[in-house]
Amino acid sequence: GGSGAGRERRDELREELLLSPLPTGDVAATFQFRTRWDADLQRGAVSHYRLFPKALGRLVAALGVRELHLALTQGFWRTRFWGQPPLQAPAGAELWVWFQPTVTDVDKAWKELSNILSGIFCASLNFIDSTNTVIPTASFKPLGLANGTDHHLLRYAVLPREVVCTENLTPWKKLLPCGSKAGLAVLLKAERLFHSSYHSQAVHIRPVCRDASCMAVSWELRQTLAVVFDVFSSGQGKKDWSLFKMFSRTLTDACPLASQSKVYVDISPKNKEKELLEVTPPPTSVHEAVVQGDKKTYAVYDLLSPSLFNTSRSLNVQLKWKRPQDSSEMPIPVLHAQRYVGGYGLQTGEICTLIYNTHPYRAFPVILLETVPWYLRLYVHTLTIITKGKENKPSYIHYQPAQDRRRPHLLEMLIQLPANSVTKITIQFERALLKWTEYPPDPNHGFYVGSSVLSALVPSVIAMKDVDVEQSPLFTSLFPSSDGSSYFVRLYTEPLLVNLPTPDFSMPYNVICLTCTVVAVCYGSFYNLLTRTFHVEEPSRGGLAKRLANVIRKLRGVPLL
Amino acid sequence: VVEGLALLDLGVSPYSGAIFHETPLIIYLFHFLIEYAELVFMITDVLTAVALYLAIQDFNKVVFKKQKLLIELDKYAPDVAELIQTPMEMHYIPLKVALFYLLNPYSVMSCVAKSTCAINNSVIAFFILATIKGSAFLSAVFLALATYQSLYPLTLFAPALLYLLQRQFIPIKLKSKSFWLYTMQYASLYLCSLIVIICLSFFLLNSWDFIPAVYGFILSVPDLTPNIGLFWYFFAEMFEHFSLFFVCVFQINVFFYTIPLAIKLKEHPVFFMFVQMAIISIFKSYPTVGDVALYMAFLPVWSHLYRFLRNIFILSCVLIFCSFLFPVLWHLWIYAGSANSNFYYAITLTFNIGQILLISDYFYAFLRREYYLTHGLHLTRQDGTEAMLVLK
């Protein structure tokens, strides 16, 4: 214990891997590494870092960060087919940060923060500037302890064009206390992880209550990595999975610094009668929980329990399907969304978002946050929201129009979704012509529009108990739950790719010359007419050229000039 | 404008974004008239035509009177009878002007597109009417309104002043006290009305946001949406280093011809006004075909110059062809994707050169006619042979 130990600061590490088979036969693996540190990073001058990485700790202390969430993602989570994700992130890089109220210049701190994170994670986060940062008012409420929510302390930016690769994984792994040498992190090998449909690595830092009485604040760092392995690309068409098949490694031991190290496998029966999945070796225990409105059963392998490695030195969890998958059994998630661009030509277009509420009898509201870059000029008077053929007026709209080259559009709406309905939100835009230096190196590839964010409290069918963060698995305590009847979900839509009209890049000098020629034509004609007057022409005696021409004409026998 | 009204309804300042660049008075005008928008634009066009009709009618009387005076004073050479304008040929000119404006395909297109250019044209037409009728106060008020809408009618201050001075029979000499007195009067009327209108706009929306959004926008040209002018592609392909320099050069180019034209055309202020309006519609930062329609409406007034125009056939062909090619090449670039922005840019260049040459042709013809009026139509050289006239 540390209660009587004076200034000793306790920190603990828990690591966890969740394997969930998805309805389409793919497998999702979610790693979570949670370091909790009972220190006050803001006030005390902390110099001794043990499990908490020093780079992040100093960042939080120096820049007055209250909450930090950074996600680097490749691919898109198909909510419609894979179900509700435990924690979704948009394609590309996403960074949202709550600053402490003591920070005076939030924009400066934001710029410094994005540059430092860009260095730590080898990602181009330094491209985050005022043209892609917004200040949401209703979405992205703090996930940790919060004293008051002045939304001017929040910044949110998305870089949809950002690509995730091994260079980003390596510094991420370096932040783990055991590195990639022991525990669950040995499975994180880049050549298998990037050979997947969806790869998302994230870092979440937030303050949490130290204990139930919440008298003191601890800092929690969660590093999550979610991977979806595809049946066809990684599984060679067969739907049997094993740790070795997915990661080309097996688990040999737990991280010695971890207080808890577990592997959870989702073996929930789909029809309440028979089990779908068979796992070998037999699990150390079975855990039941209500997660995202569904009762789920998990097979648990506790890497710290001595009985696990008795029979073999390594743990290779194998999943076999007991009976073939029936595609009609695919459960449809309660809330899912889709977004696309409509229209033709390079002048105008339309962004359409479809939100589906498949709950049979409950209606619930959803907050939609759209960030559109300034060069797609949105016309808010064309915003229409149609549900079941009738117009649906949002109960809260916050619209901040873009300023050219300074600020993107921000549209936040609270829309009520009736039960069992599809809501279509359309807004028209016009495409701007940019200066030739503002186009990316491949201008005809198009410009990316970041995903829109849907945040909702989805009503759950089964009542959920309040979770005790310390006792329950990590994947159940990501989002704070307010009451037992609904769970919080944050969904992202697809990013969009939009083409803009391009000028001819080979022509700057020609254009300047031609336009100046036209102006000179005007200037020349007017100069002539303004400064000269009419005179009767005096016959000239003939200059040299005329005399020469006359000589030649005489030789030819042609009349003289 | 619809977007500005929608933003106002949402409680956001219409100028906080980059889409709305009209003045607050327009917002308030359309707040009440938005349902009858088509009717409003049609009525505006009709009002413009009526104002032009009345203005040209009055102007014809003035021209005729002046002509009579100069003939009696023997200022004209003896053999210029065929150059003198007769009431018979001047009778239908006001009607022609009104029809030129109403039936011009450019004004029809502006009306259908519901462009606020029609309102600008209407204000300028009323300004011309007030000036020709001689009312300094109304002329100053309308000029202030026109300048408030888009900055460039400021240059029309000089021709209006010259016309009013002529009408009051005040000689234009820099040393004359009455000249300065009248100029000060007119200038103060104009500035006061401008200040009143700007303050009224401030009180309508309770902020000075509209000044950078309207005037800053006109002067700094941030939006590069293709239009029929020369600026957009120029600034799209500009090296960032020079963009401020070239913005200043292009803006000065509009205002720069006023003083030289005033010196040359001080006896003919209405022609000066015509040339100035043409220069504004060619070189303004966001020209539209409605601006072109306005100065083209005046061409029948100078129809007596027809015999001195040198390139009128080619220029009218150029203008007509360009007008047809504009939508074709726009479609090819933006929708079909088989053409390039250069195609549309080329037509822009040709169209503007056509307009420039048209104006300078009329200017040339005007000056030539004036020369013939004072020096006689049949010019002979010292040795009696027929002479040629050159510009030296």
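This is a short conversation about two interfaces in a predicted model.

Modeller: Some ground rules. Residues count from 1 along each chain as its sequence is written, and chains are lettered from A in the order in which they are written. The model is predicted, so local features need pLDDT of at least 70 and side-chain atom pairs count only at pLDDT 80 or more, while totals for chains, interfaces and linings use all residues; side-chain values use heavy atoms, without hydrogens and water.

Colleague: What is the mean pLDDT of chain B?

Modeller: pLDDT is the predictor's confidence in each residue, from 0 to 100. Chain B has a mean of 87, and 96% of its residues reach 70 or more. The model scores ipTM 0.89 and pTM 0.85.

Colleague: Why is the pair B:Glu240 and A:Lys435 called a salt bridge?

Modeller: A salt bridge needs a side-chain nitrogen of Lys or Arg within 4 Å of a carboxyl oxygen of Asp or Glu. Here the N to O distance is 3.8 Å. The pair therefore meets the rule. Across the interface of chain B and chain A the rule finds two salt bridges.

Colleague: Which helix gives the most to the side of chain B that touches chain A?

Modeller: That is α18(B), with 15 residues. Helices here are DSSP runs (H or I, at least four residues), and strands are runs of E of at least two, numbered from the N terminus.

Colleague: How many residues of each chain make the contact?

Modeller: Contact means heavy atoms within 4.5 Å. Chain B gives 63 residues and chain A gives 52. The buried area is about 5500 Å², with 70% from carbon and sulfur atoms. That is the accessible area (1.4 Å probe) lost on being put together, summed over both parts.

Colleague: What makes up domain 1 and domain 2 of chain A?

Modeller: Domain 1 covers 12-321 and domain 2 covers 335-498. The bounds come from an automatic or database domain assignment. Their centres, taken over C-alpha atoms, are 23 Å apart.

Colleague: How many residues of each domain are in contact?

Modeller: 48 residues of domain 1 of chain A are in contact with 48 residues of domain 2 of chain A. About 4100 Å² is buried between these domains, with 61% from carbon and sulfur atoms.

Colleague: How many salt bridges does the rule find between the domains of chain A?

Modeller: Zero across the interface of domain 1 and domain 2.

Notes: Buried area = accessible area lost by both parts, 1.4 Å probe.
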